[in-house]
Every structure is written in structure tokens, then in C-alpha cells.
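Here is a short briefing to read with the model open beside you. It starts with the chain as a whole and then moves to cores, helices and one loop residue.

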Amino acid sequence: MQAKGLVKFFGLALVLVCLYQLSFTFVANRVVKKAEQFAQDQTATQNISDANLLKEELRKNKRRYLDSVENQSVYPLLGYDYGYVKERQLNLGLDLQGGMSVVLQVTLEDMIRAMAFDRNDETLNNAISRAKELQKENDVDFITLFAQAVKEVNPNASLAALFSTPENDKITPGMNDDAVLEIIQEEAKGAVNRTFEILRTRIDKFGVTQPNINLNELNGRITVELPGVDDPERVRKLLQATAQLEFWECYENSAEIFDMLNKANDAVKTKLGIVDNAAGDSEKKGDDAADALLADNDSTDVDVEEEEDLLSAESDSINFEANNPFLSVFRWSNSPGALVGFVDGKDTARLNEYLRMPEVQSHFPADLKFLTDYQAFQNNDDEDANNNLFPIYAVRSTRPNEMTPALGGDVITDASQNIGANQDIVVSMQMNKEGAKRWRDITRDNIGKSVAIVLDDVVYSAPTVQAEIAGGSSQITGNFDMVEAQDLANILKAGKLPAPARIVEEALVGPSLGQKSITNGMISLIAGILIVLLFMILYYSNSGFVANLALILNLFFVFGVLAALGATLTLPGMAGIVLTVGMAVDANVIIFERIREELAKGSGVRKAIADGYTKSYSAIIDANLTTLITAIILYYFGLGPVLGFATVLMIGIFSSLFTAILITRLVFDWWMGRDGKPKFDTGFSANRFKNLNIDFISKRRLGYIIGGVVIGIGLISMIARGFELGVDFKGGRTYVVEFPQNVNTTDVRNALAGPLEAPPLVRTYGGSNQVKITSSYKIADQAADVDNEVVGKVYEGLKPMLGGASYEDFGKNHLQSSQKVGPTIADDIKRGAFKATFFALLGIFLYILLRFRRWQFGLAAVLTIIHDTLILLTIFSLFPGILPFSLEIDQTFIAALLTVIGYSINDTVVVFDRIREYLQLNPKRDEKEVINEAINSTLSRTIITSITTLFVVLILFIFGGEVIRGFSFALLIGIIVGTYSSIFIATPIVVDLSEQYAKRVKTGKDTGKKKRGRSKRTKAVK
């Protein structure tokens, strides 16, 4: 072996680097254990009986300990503090520790409207709508699509005419479209980057250990991972709040306001074509209408004698709502001040729809705007009162023809939570010099009147000004708790988002499910490795210890490199480690089988080892490089779980090549140098697979028939039944819910059919008391609180089955995980999956064509992959709902599919490599006979590799947990089919393609000779 010194140096350096990198993980884990012990000791003295309070107190005490050692030395000898150590430990994915992952889409349409000369321009708004449609079909950035859409909706429009304004000196009239587009793109890029930085600042103040935030500038998406988070509602508010703080002057409630509301009510009636019900009072206006509205909010005790009056009142209420569509949702209040009415939470969308009508807007002043309170009014004195009524305020613009607040939030320099004069929690704000001056003028001009403090178009408070306020200080009051006040202060300090960000994908994993994933993953990993280690010793005697040493080093290097790169280990990543084990074993099996062949020829052990390694290089490198092609494509196009799997797979491939080829050779050389006697077989394996002479080529038509029949059935099923698409591919939400008792999926489905407006898909998930619920309810709704609303609907439907659990208890203890994928990102995932598959096939074809120099090998490999893929798709189309686990087509399935492609091509390339070798050594022998001999000679390697890989994947399938059961099942099917196809499909296709090509060449030559002959004869006759 050459360059032994270099291999030793590199191997030793890699060991030391990996030890150093992994040491941070060991130290960090030791600190966390001390923190947990501290939390238990502290909590034990408090005698807390409530389980939820106990859990919260443990969390706080643990956090307190970790914060206290943040800047203290915790690393022996080197003296690193905990903050430094935790940043360098091996990151665990959310599926292994619990937490929340969010993908936010930065929306640029508001920025485009803000830059435009006229934000109500028809061409502008039609182009924005068209750009949204185009975004669903393209990966191009939104600004480019907008420019394209402008030309579609109005070919004569120019961007300069749309965006040239007196305030913007960058864009001038007559500027060409390309120049304007470049300026808008620069503004958009700046807005996205500022939004990213502001979100990063908010997250840093959130107090989460090892948060991760990344920006994809091409599509304006921000990925946020928050380990250990168990309050998704708080996270959504923190990330989606634009933090647009405004101070508005207010209209005072009066009869004039109510007269406007009556006229608006009449306008809506006319618009909707409503004719007053003759049975009711058709003239309920003015004070009578006000009385009816106020009566609806009153609570009255009713006894048996008043039953007839009650029925009459209900009838009047129904008639009133039918005859007064606007006033029935806008419940006017006759109280003084800026509060002018109430709206029921369920009627908010309908009220906004009415207020957008031009016929309604014409009855209100141009400077008036209605805003609702951030929380519903609570009537604690009456159990029967409607506590879902949100106060409505009338605010006034300071400019006559433009809705502009009296003061903007950009003047805020600091914000913090405090205790107010009434011992309530408030958010105190301090303004800059300019803001302080303007605030003094506003308060002086509005003494005795209300000023509304508005955040993101929601009123937080509307206090009456008692006196002029100098110095730039102000407070936001509300029914806050300390956490809400702290979050609001952090948002205000970080600043408003230049471009709003909305959640398009979300995943929540509860800590208990995360711990279960760690346990299951580690059991499957350790069990799989142990079985492989035992098998290698059983089959290859003492040489199996060398292979096992290489395998253990391989795993050590994978974990060490992951830690060094700052990569995240996820559950699919652990599946990638299991697959890496199989690939590492495959490399050793190829080498050892070659050595056994050389020994069988009579070579000495030293020469057999040298020749075995030399003759194995080609097959090992080709097989691993084709798998590497698949891994790179997975990494480039993958999202979420696919990305973690691809990262581990790529590291594993390089580590396997280094340990299997170089480290084991180094060990054998050292062993032989000390007069060692390595053995490569045992009594069990000595004569296995020897002298085989199976005529595989003559049986190829049987292989074609079996494959054709299965694929034919599959195609019929795919057309007739289709697939059970996961939310990754169709958009929607999934929830994994654990019940206190066993439940029936039909009962769960029926219970949710009403609240979710359609029966969701419900599957058992890991046990009879745990289900996975999939629904597309309101998935296209972009409202900020829609996610919480849907969770509330799920709780509403399942409440009778939860043993009396409260909504808060449901979110913390029963909702094990959740996922949301919006329609746009689902389209992107589908496009990414298609591209990944296409480029994987193309890359493999080109590589094999380059290496084998015969197109028949490349085409046969691609056709074999298509065969394996179609069979796998057949299984996933035929058996959803029949097999007791999920067979969804999602990102994880795509990872499994591409892994199957990699495994299949690995197997195929090893066979092809031996065929190429045998054909070169025996150019004059019958080609079919030589190919049969090549297949038989690699049969031992094919079966041993398949068995060892099946061992680890089967263990993964049994013990890996429900999260990756569908993934591991796909791998099981893929390994079996891949092994079968490499023998009965791939090689026969090469034979048939070669024969057909030879016939065409021969026929072409014969025909050419005849033509040339006729030509000569014709010429001679002439």
C-alpha cells in the first residue's frame, strides 16, 4: 500500500478533530443534567401538586440555572464558557428534541403598493394578482413575475408611469422598464434582508437555546427553528406581527355616527336586494334600532311565565337580523368616547366585507376608519353573556384624503414591560426628540378626547387624554400577562417589518414525541449495528473484526463531521446513518469476496489481499459515486427532512470510502507485518455460493413478465385510486393527537366533520390511543390568527374524547405534533421532487455512459430504476388504508424513493462492473455465457449486502417509530426489488439492447453493401 504515512496522518488528524468537536456535546449534556438536577431540587421544596404548574416550574428553574452559567467556565482545561460550548455541540433536529419549525414567506405586494404612484391603479392591482398566480407555477422571484404580469394585463403600461412619484427621485418619468425593475428589485432585496434581521433580533430576545434562522433570498422565504418551544401561539404572534405601531386621533361617539351606520345599513340592504319582512317591524330605525341592538347584549332572567314573551323576543331578533344585515353585525354602543360598537368574532369577516363596499364607504367621512380591539370584551358578572364581542373604535386621519395616523411607531427608541399605577402590567415606551415633540402637540390638542394606540391595525388601548404629555413617554395598557407584555416590548424595540411575513409552513413536535423519537432511533440504530457486527464475524471470521473497526470509525467520523459543520441531526438523518452502515458493509463485502476469489485461485494471503483490494476499487468507487449523485441532488432540491437525510448520506459516503478502502488496508498491512493470519471464511461461509452456474439470461423473459404484470396492476391503481398525498404535496394541516383512552378513527373523523366543515383523513399513528388527522380546512386563509382558530376547531370536535382536558392542556399534553404546508410551498415541493427525480436519473445515466462507454449500460440502468420506482409506487397506491401505517406520498417518501434509486443503481453498477471486466478478459467467448458467469460470481456479494442492509432497515422499520415507518417500509420494498432487478431486469436489458443494436448494425451493413452493389451494376450497364 502506497502513502501509508499520509493515510495514518490524515486518519489520526480526523480522529482528533472529531473527538474535539464531539467533546462540546458531552460537556453541554453534562451541564444540562446538572441543570435538570438543580430544577428538581428547587421544585421539591415548593410542594406543587398541579402537574402543569410543576412542569412549568421545572422548565423555569432549569432555564435559570443555564442562564446563570452562560458566561461561566464549564469546559475543563480549555476553560470555555457554556455559551461557547452550546453553540458548538451537535445540534439535534426538532423531531429529536421537540420544538417548532416555521417557514415564513416575505410578502412584497405591500412594498410594491407603497412604492406606486397610485396604489388603487387597476393595472397595478391586476398585475399583483396575476403575479401571485404565476408564483404557484414558477421558482422566479416575485418582482420579476410582477414585471411580467404588468405586460400581460396591460401591454402598453410602463413601470415608470406606475412608480414615478415626487417622493422617489430614483425613478423618473420616461425611465425604461429594465432600469425601473432593477430599482424595485433592489428595494425588495433590502426589505427582505431588513425583515430577516428584525426577525433575528426578535428571536434572539425570545430566550430559546440554539435557535436557527436562515434566509433564502431567491424566493424570500425565512426558515426558523426553535428547539424546545411548546407555545406555538406565542411564536406565531412574535414572527408574524409587522409591529406597525400607530397613534390615531379618534371620532367621539355621537348620534351622527349612528346616523351614518343607519345609512350604511340601508346601502347594504339595497345592495343585497333585501326587502323588509312584513311580519316584523319594518321601521326599526333611530332609537328603536338602537334599543334592539342594546337589548341583544343585555341578560335577563326568564321564568316559565315569561316563555311566550321570550319566543316573541326571539322572533323579533330574527326579523331584525334579516332586515338589518349591517346593524346586526355592527352592534352600535351608545357609550361616550371612541368606542362606537361591538362585533362578534364570528362576524368580523362579514363586517369587513360590508365596510369595503363603495356604497357603504360613501356614507362615512374619508378620514374615518373603523378598528377593532385586540381582545374580546369580558362580562364576568353574567355567565350567559356573549364574551366574544370585540369593541369597535372610530379613528380619524390627520390628512383629509389619506389614511395617516397622527404619529408613527418609528419614533419609539425603547420599550419595556412594567407595573402600571393600577398594579396592572403595561408596556412603557420612550420616543425620540421628534416623536416627543409631536406627542406633546397631539395630547395638548386632544385633552378630554381619546387617542387610540394601534399595533398592526388592532387597537390595544384608547385612553382619554387628561393633560398634555411632555418628554415622549407613553404606555400601552391591556389585559397583559408578563410574557405577553415582554413579547410586545421586544417586538416594538426590534422595529416594524419593512415587508410582512406570513407562515406558509409550520411543524410542531411536542417534547414527549421528540424524546420517543430519540429512544426509537437509538434503539434501531444500535440494534441494527450490533446485528451487522455479529454477522460480519460469523461470515468472515477474524477479518470481520477489521470490517467492524472500519464501521465503528465510520460512524464516529459521521457524527464528528456533523458536529464540526454545525449540521443538524434529524430522525431522517439517523435513517441515513443506518443506510450508511449498509453501504460501508457493502464496500467491505466487495473487498472480502474478491480476496476469497483470489484465495480460491491459490494465491497467498498477502497477494490475495493486495489483488482483492486492487480489483475492488472500480466497483466500490462506481457504486458510491452513483449514490453520491443521488445524495447531492437530494441536498440541492430537498427541504426539511430530506435535507437532513442527504447531508448524512453525503458525509457517510466519503467516510465509508476512507474507512473501507484505506483504513482496513492499513490494518491488514500492519497485521500481516506482525505475522498475523487473517481468515476470510468460517465453517458457515466456507463453501457458500461457490461453483454456481445459474442461467439467468435464459430466464429473463420471466423477469420481464413478473415486472410487467406488477407494474400493469400498479398503473391501473394509480389511475383509478391515485395516492394518499401528504400535506407536503397538496397543502393542508396535520395533527398528531394522543387520547387518554383508545379511540376509533371513524369516531374521530365524524367528530371533526362539523367543526372542520368536511371529514378529515384520520389514521392510527403508533397506537390505538394516538391518531394523525389531516385536513385542508382554511389552508388558503392568510389571516394572522387562522392557525390558532383551526386548532380551536380540532379541540372543539375532540373535547368529549379528551377526558375533560382544557384547551391549554390539549395544546401542551395531547397535541403531540402539528404541521402546516400552504398551497404555494406545496407546489414548490412537488416541483422540487420532480426535478430531483429527473436530474438523479439524468446524472446516473451520464455517469454510467461515461464510465462504461456503452449506451446500453446507461439506458439499462435508467430503465431498471424506472422499473423499481413504478413497483414502489404500485405498493403505495394499492395499500393505503390496508396496511396499519401511513403510506403517504410526502417529502420523506421522495427521500426514500431516491434512496431506493441510489441502492438499486449501487447494486446494478457492481454487477455491470464485473460484466465489463469479464467481457474484456474473454472477448471471443459467447457474450451470454460470459454475462451469466459474471452474475454468478457477484451473487454472493449481492445477497450478503442485501441481507445486511435488510437487517438494519428491518430493525428501523420495527423500532424506528411511527414517524419514519412509511420511510423504512419504502426502503424495505426498494432493497428487495433493487436486488431482484439488478439480476433479472438490468442485465437482461443490456443483453437485449446489445442484440438489437448488433442486428441493426449488421442489417445496415448488409443493406449498404447491396445498395453499393446495385449502384455499381447500374453504372456498368449504362
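Contacts between residues 24 or more positions apart make up 74% of those in the chain with a separation of 6 or more. Please keep in mind that this is a predicted model. The chain has 1022 residues, and 52% of them count as buried. Its secondary structure comprises 32 helices and 21 strands.

**Nonpolar cores**

- The largest nonpolar core holds 136 residues, and F876 and F912 have the most contacts inside it.
- Helix α30, which spans residues 891-921, is the biggest contributor to this core, giving 17 residues.
- If you centre your viewer on F876, you will find that it touches F723, L887, E888, I889, F893, G966, F969 and A970, leaving aside residues up to four places away in sequence.
- There is also a second, separate core of 48 residues, with A157, F196, L199 and I222 among its members.

**The α30 and α31 pair**

- Besides its part in the largest core, α30 packs against helix α31 (residues 927-959) at an angle of about 145 degrees.
- The axes of α30 and α31 are 9 Å apart, and the crossing is right-handed.
- Sorted by type, the residues of this contact are ten nonpolar, seven polar and five charged.

**Helix α16 and its cover**

- Helix α16 runs over residues 433-445, 13 residues in total.
- From its first C-alpha to its last, α16 reaches 19 Å, close to the 18 Å expected at 1.5 Å a residue.
- Which residues of α16 are buried? They are G435, A436, W439, D441, I442 and T443.
- Strands take part in covering these buried residues: the cover includes β5 (245-250), β10 (407-408), β12 (425-431), β13 (451-455) and β15 (473-477).

**A closer look at A758**

- A758 sits in the loop between α25 (745-753) and β19 (761-767).
- Is A758 buried, partly exposed or exposed? With a relative accessible area of 37%, A758 counts as partly exposed, because buried means under 20% and exposed means over 50%.
- Not counting residues up to four places away in sequence, A758 touches L752 and A753.
- A758 and Y777 are 19 residues apart in sequence, and their C-alpha atoms are 7.9 Å apart in space.

Methods. Residues numbered from 1 in each chain as written. Predicted model: local features only at pLDDT ≥ 70, side-chain atom pairs only at ≥ 80, totals over all residues. Heavy atoms only, no water. Core = buried A, V, L, I, M, F, W, Y, C linked by side-chain atoms within 4.5 Å. Buried < 20%, exposed > 50% of the residue type's maximum accessible area, 1.4 Å probe, protein only. Helix = DSSP H or I, 4+ residues; strand = E, 2+ residues; numbered from the N terminus. Contact = heavy atoms within 4.5 Å. Expected span 1.5 Å × (residues − 1). Axes fitted to C-alpha atoms, helices over the stretch in contact; angles between N-to-C directions. Left-handed = near helix turned anticlockwise from the far one by under 90°. Nonpolar A, V, L, I, M, F, W, Y, C, P; charged D, E, K, R; others polar.
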